[in-house]
Amino acid sequence: MASLLLVSAGLVAFHQPTHAPAFAKRKLMADRAKSTITYAMTHPMHSFEGVSRDVACVIVIDDANKIESVAAATKVSSFDSDNSNRDSHALEKMEALKYPKVTFTSNDVQQEGTNLTVKGNLTFHGVTKPVVIQGTRQDDNAQVTIKGDFDINLSDYKVEKPSLMMVPVDEKVKLKLVMVFKNTDS
């Protein structure tokens, strides 16, 4: 009987998984009331910004509190530069009816302290290109705040540059994001 118990215990031990259990993941949704994406453009006569306050964003965090992936989207029509004429002209140049959304996805997030490097794909005007976002992450009891910025060139996304008085804007568009996530499971 004792040898049967030893053999049974050996079989049970032999069939135990040898890998550690996977970390449970948490999905955090951005708080739309606190999250923004801002673009900044320059024209020889002036500089201007447009802000979208209608950003859908989700991050996946593992139990080691590391961000594994990011997905974000906003409507092109949601950007407001406080000038309806300029916004209307921009929507026309960006073909907002044909390409209504801007999206970003990443599965490559590196974190050193509070500094983030997020490598992913930005889809804008029907063109997908790799981008690198440099940013920061700040955690407190109630929320996780991610701030970052990066530049794009309009020609890379096949967007005709808007112009004022027949003079086009600069090629480079500076993008800045502030994403605020409630620090709870969803």
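Trainee: Where does Asn 65 lie?
Mentor: Asn 65 sits in the loop between β4 (55–61) and β5 (67–75). Strands here are DSSP runs of E with at least two residues, helices are runs of H or I with at least four, and both are numbered from the N terminus. Bear in mind that this is a predicted model: local features need pLDDT of at least 70, side-chain atom pairs count only at pLDDT 80 or more, and totals for chains, interfaces and linings use all residues. Residues are numbered from 1 along each chain as its sequence is written, and side-chain values use heavy atoms, with hydrogens and water left out.

Trainee: OK. What is the phi of Asn 65?
Mentor: Positive, about 65 degrees, although Asn 65 is not a glycine. Asn 65 is also partly exposed, with a relative accessible area of 32%. Buried means under 20%, exposed means over 50%, and partly exposed is in between, using a 1.4 Å probe and protein chains only.

Trainee: And Asp 82, is that buried or exposed?
Mentor: Exposed, with a relative accessible area of 76%. Asp 82 is in the loop between β6 and α2 (84–93), and its phi is near 65 degrees, a positive value in a residue other than glycine.

Trainee: Let's zoom out. How many helices and strands are there?
Mentor: The chain has 2 helices and 13 strands. Of those strands, 11 form an open sheet with antiparallel pairing, in the order β1-β4-β5-β7-β8-β9-β10-β13-β2-β3-β6. Two strands count as paired if DSSP finds at least two bridges between them.

Trainee: Which strands stand at the edges?
Mentor: β1 (26–29) and β6. Each has a single partner strand, so one side of each is left without a neighbour in the sheet. For β6 (residues 79–80) the link is to β3, antiparallel, through 2 bridges. Ser 52 stands opposite Phe 79 there.

Trainee: What do β2 and β3 form?
Mentor: A hairpin, with 2 residues between the strands. β2 (residues 36–43) and β3 (residues 46–52) pair over 7 bridges, and Thr 38 has Val 51 as its bridge partner in β3.

Trainee: How many bridges join β2 to β13?
Mentor: 5, running antiparallel, with Thr 36 opposite Val 178 in β13. β13 also pairs with β10 (residues 143–153), over 11 bridges. In that pairing, Asn 153 stands opposite Lys 172.

Trainee: New topic. How many cavities of 30 Å³ or more does the structure hold?
Mentor: There's 1, with about 610 Å³ of space in it. A cavity is a set of points on a 1 Å grid over the protein atoms alone where a 1.4 Å probe fits but cannot get out, and lining residues have an atom within 4 Å of a point. Points are joined across faces, edges and corners, and the volume is the space filled by probe spheres set on them.

Trainee: Which residues lie nearest its centre?
Mentor: Ile 37, Val 102, Leu 122, Phe 150 and Leu 175, out of 39 lining residues. The largest share of the lining, 6 residues, comes from β13 (residues 172–182).

Trainee: How many of the lining residues are nonpolar?
Mentor: 31, alongside 5 polar and 3 charged. Nonpolar here covers Ala, Val, Leu, Ile, Met, Phe, Trp, Tyr, Cys and Pro; charged covers Asp, Glu, Lys and Arg; the others, Gly among them, are polar.

Trainee: Last one: what percentage of the chain is buried?
Mentor: Buried residues make up 37% of the 186 residues.

Key. On a 1 Å grid over the protein atoms alone, a cavity is a set of points where a 1.4 Å probe fits but cannot get out, and a pocket is an open set with protein on both sides within 12 Å along at least five of seven lines; lining residues have an atom within 4 Å of a point.
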